[in-house]
Amino acid sequence: MAKKASSSTKMTYYFGKTKTEGNGKKKELLGGKGANLAEMTSIGLPVPPGFTITTEVCDLYYKNKKKLPAGLIEGVGKNIKLLEKELGKKFGDTKAPLLLSVRSGAAVSMPGMMNTILNLGLNDQAVVGLANETGNERFAYDAYRRLINMYGDVVCGVAHELFEHAFDKIKKKYRAKEDNDVPTEGMVELCEAYKRVFKRHYGKPFPQEPIKQLELAIEAVFSSWMQNRAVKYRQVENIVGLLGTAVNVQAMVFGNMGDDSGTGVAFTRDPSTGKNKFYGEFLINAQGEDVVAGIRTPQPVEKMAKWNKKVYDQLLKIKDKLEKHYRDVQDIEFTIEKGKLFMLQTRSGKRTGAAAVKIACDMVKEKLITDKEAVLRIPASDLTQLLLPSFSPAGKKSAKVLTRGLPASPGAAFGKLAFTAAEVVERTHAGEKVLLVRKETNPEDIEGMHSAAGILTSTGGMTSHAAVVARGWGRCCVAGAGEIHIDAKGRKIKIGGKTFTHKDVLSIDGSTGEVMVGEVATHIPKLSDDFSTVMSWTDKYGKMGVRTNADTPEDAKRAREFGAQGIGLCRTEHMFFEGDRIMAMREMILAENKTDRKLALKKLLPVQRKDFIGIFTAMKGLPVTIRLLDPPLHEFLPHDDKSQAEMASRMGVKRATVKNRVAALHEMNPMLGHRGCRLAVTYPEILDMQVQAITEAAITCKQKKIDAQAEIMIPLVGTARELELLGNRVREVIARTKLDKKFKGKLEILVGTMIEIPRAALTADQVGQHADFFSFGTNDLTQMTFGYSRDDINTFLPDYLNEEILPRDPFESLDTTGVGQLVTMGVEKGRLAKKDLKCGICGEHGGDPDSIQFCHQAGLDYVSCSPYRVPIARLAAAQAALSNGA
Ligand code: PEP
Ligand code: MG
């Protein structure tokens, strides 16, 4: 017996002239599509009536071992009665049959990932009714064959190709080139052939009872929530915590009833650039799926004015009404049935990062939204797209343009050609940069599209699957490049007589649609005034500071330009790899006693000092947190025989000396080994050299009137005593260096620690007594809290994500439930020791918007991230402050 929903569970919500039970706010329950259909109906827009089955029912369906809850079909029946009454039609009728569409719709849009069934309610009798009612027999049988095909494919698992074969036979018989050339009698025959295909492969005849059709279709939509591509899409998009999909059952309207009918999709503003221009496409005599699937290339929406001015004007009015009502850009779907306009969907339009910034600024100027709303509305991570390289003018000048497609999603991409999604995934994984080249893409390709450097299609328009999905991700895409002939099997394409294979590199420009030979040079784009406006708002509302992780003056300078307020982590080890420095470093490591080690360190001192002067100079008075040496020493030595021999001969030592030292430094678990502050305990002279170099650099800067603000950070502290011992030594070296340099001016250097070992967080009240600041090293903290190796997690992470053991990669987005507790505790306990203890974060999470939201709540003073993420972090910090009531 199916589990019954509790008596309070309302399973269906009607929308129509009779009544409208839902509204736009009920997205969690009705899905985005259902909520907005209700909303559009209630503001008086022409929406075909229908009803939505809630996401709670989907949840019950899965809890019920994939059975519809008792009472649902009864409720559905009642809604059908209402629909019949409102429209004066009857489900399965032989005179005026009510036909329905059944569509999925989760709270978050998942375009094309789940199932849709159209023309439901047709059977051997109703098709006659439809023919009589419309006076168009061909149309009626065309609708019927589409139902059998779609229903067979989506509900009963009969492969689409089997229907295609049957269609090809009929086309041959009637010498028809296109589907549209098949005459009425051919369509009637086709329906019979389709029914035979259905029966042969499903084992039962095509169901003739409309309510049965509907019941199975509802189940099929619910099942599609867990189908592979939908699950993958949710993973890629980090969509978690939803109950399931809603099901929208709605009266059909037809855009394929002749040349006075059509269908289209549009955005109220340009989703690529953000320009305030109605932007979309439509197809005459077609059904909605034809536009989205990219099978026929549609016309720009403004051409509608010539085709049917009245309808176009009505659509423009609706567009304005929708934007004002939702106060945001809308992505709409509409159908015109015999000259009458119907709205089938509205939702917030996916846009590129550049468009998001422009639209937010324009809408503030238009007084449609406030600057606070504008800040909250721009997805912080989408700013990456504005900061990434585009093709340089010089590169473009010398580039050879092969052909042009539509500029579907801006950006610059180049790569070798790959012809299937699986190939893209495999080759990208192997370290290649590839472009996915397809006639058109479909939802099955999602993983490959996400892995590809860029996407190039030969058919489809600006709202084709490839275009919409790519734009959502900020992935570069050129669509509908019709001159490209793709031979996927032969792994080659032909453009104007020239052949390119999977070994050739092409470049695509998603802002112009150009397809070019080879790798075209790129450059960093200039940021727009709108971008600066948004950044000024983030300063107005953000509470946390944003610093950067940088080890070179160039990175430091770039980060400053992006608005970094200091360096939160300067990893000194990177400085030892450049040029000849590595030799001095190796000498130091090979030294057999303290005296020799000190001699080698003496060589490193001036180069370190120079590095720090460069960084202090670039940061012009902003704080610079310098971390003392962290990695285990063996990382600086070569491990293979050949390189060891080379090193020995360059250094004039025996091969065996190098080999023995490498062997002596070998550790079973180097990440938990002799590294971080443990190095300084064993080799304090390394600490001495680094602190001396920092202090001397600061003094030199001060003498040149450059206000160096050095902060020295001790890594991998786990006990208060480690920090006490080493902190005191650092302070002593600073004092001694000042004396040696006879420096009498003001020079305060803070001494703090990283909190990256769980024990340090647990005992932060003790550790805090010896620290001027804490910086949470959440890379190591995550590694040690979970016990996952940060370098090897990919061996099992995909399974953990598939099984939903983890919602996301914990090294990318902070595990707020577990690791987060240690951060919160660290801050609280640290501030018990020192009331105003400055706390920041310098792990990779410092650039992740969700983690930044958490850092704000944990009371951190700043986050630190890589230079290119600084604007993202500034925006995310402002969003965190605003969403927590600033
Ligand atoms: C950390 O562990 O979070 C950190 C910033 O240090 P590293 O990544 O260099 O270990
Ligand atoms: Mg670390």
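A residue is counted as near a molecule if one of its heavy atoms lies within 4 Å of it. In this predicted model, 14 residues surround ligand 1 by that criterion. The closest of them are Arg-571, Gly-777, Asn-779, Asp-780 and Arg-790. By class, the shell comprises seven charged, four polar and three nonpolar residues.

Several polar contacts to ligand 1 were found. A polar side-chain atom of Arg-571 lies 2.8 Å from an oxygen atom of the ligand, and a polar side-chain atom of Glu-756 lies 2.9 Å from an oxygen atom of ligand 1. Asn-779 makes its contact through the backbone: an N or O atom of its main chain is 2.7 Å from an oxygen atom of ligand 1. Taken alone, ligand 1 exposes 290 Å², of which the protein buries 95%. Two elements, strand 27 (567–571) and helix 31, each give two or more residues to the shell around this ligand. Helix 31 gives the most, with three residues.

The second ligand is a magnesium ion, coordinated by Glu-756 through OE and by Asp-780 through OD, at 2.1 Å. These two residues link distant parts of the chain and are 24 residues apart. Glu-756 is in the loop between strand 30 (750–755) and helix 29 (758–762), whereas Asp-780 is in helix 31 (residues 778–786). Both sites of coordination involve residues with little accessible area. Glu-756 has a relative accessible area of 2% and is therefore classed as buried, the cut-off being under 20%. Asp-780, at 3%, is likewise buried. The two ligands share protein partners: Glu-756 coordinates the magnesium ion and also has a polar side-chain atom 2.9 Å from an oxygen atom of ligand 1, while Asp-780, the other residue coordinating the ion, is among the residues closest to ligand 1.

At the level of the whole chain, 35 helices and 33 strands were assigned. The radius of gyration is 32 Å, close to the 29 Å given by the globule rule for 886 residues, so the chain is as compact as a globular protein of that length. Along the principal axes, the C-alpha atoms fill a box of roughly 105 × 65 × 55 Å. Of the 886 residues, 56% count as buried, and Glu-756 and Asp-780 belong to that buried class.

Conventions. Residues numbered from 1 in each chain as written. Chains lettered and ligands numbered in written order. Predicted model: local features only at pLDDT ≥ 70, side-chain atom pairs only at ≥ 80, totals over all residues. Heavy atoms only, no water. Donors = N, O, S within 2.8 Å, 3.2 Å for Na, K, Ca; no water. Helix = DSSP H or I, 4+ residues; strand = E, 2+ residues; numbered from the N terminus. Buried < 20%, exposed > 50% of the residue type's maximum accessible area, 1.4 Å probe, protein only. Polar contact = N/O pair within 3.5 Å; in protein donor to acceptor, adjacent residues only side chain to side chain. Areas by Shrake-Rupley, 256 points an atom, 1.4 Å probe, with all protein chains shown as cover. Nonpolar A, V, L, I, M, F, W, Y, C, P; charged D, E, K, R; others polar. Rg over C-alpha atoms; globule rule 2.2 N^0.38 Å.
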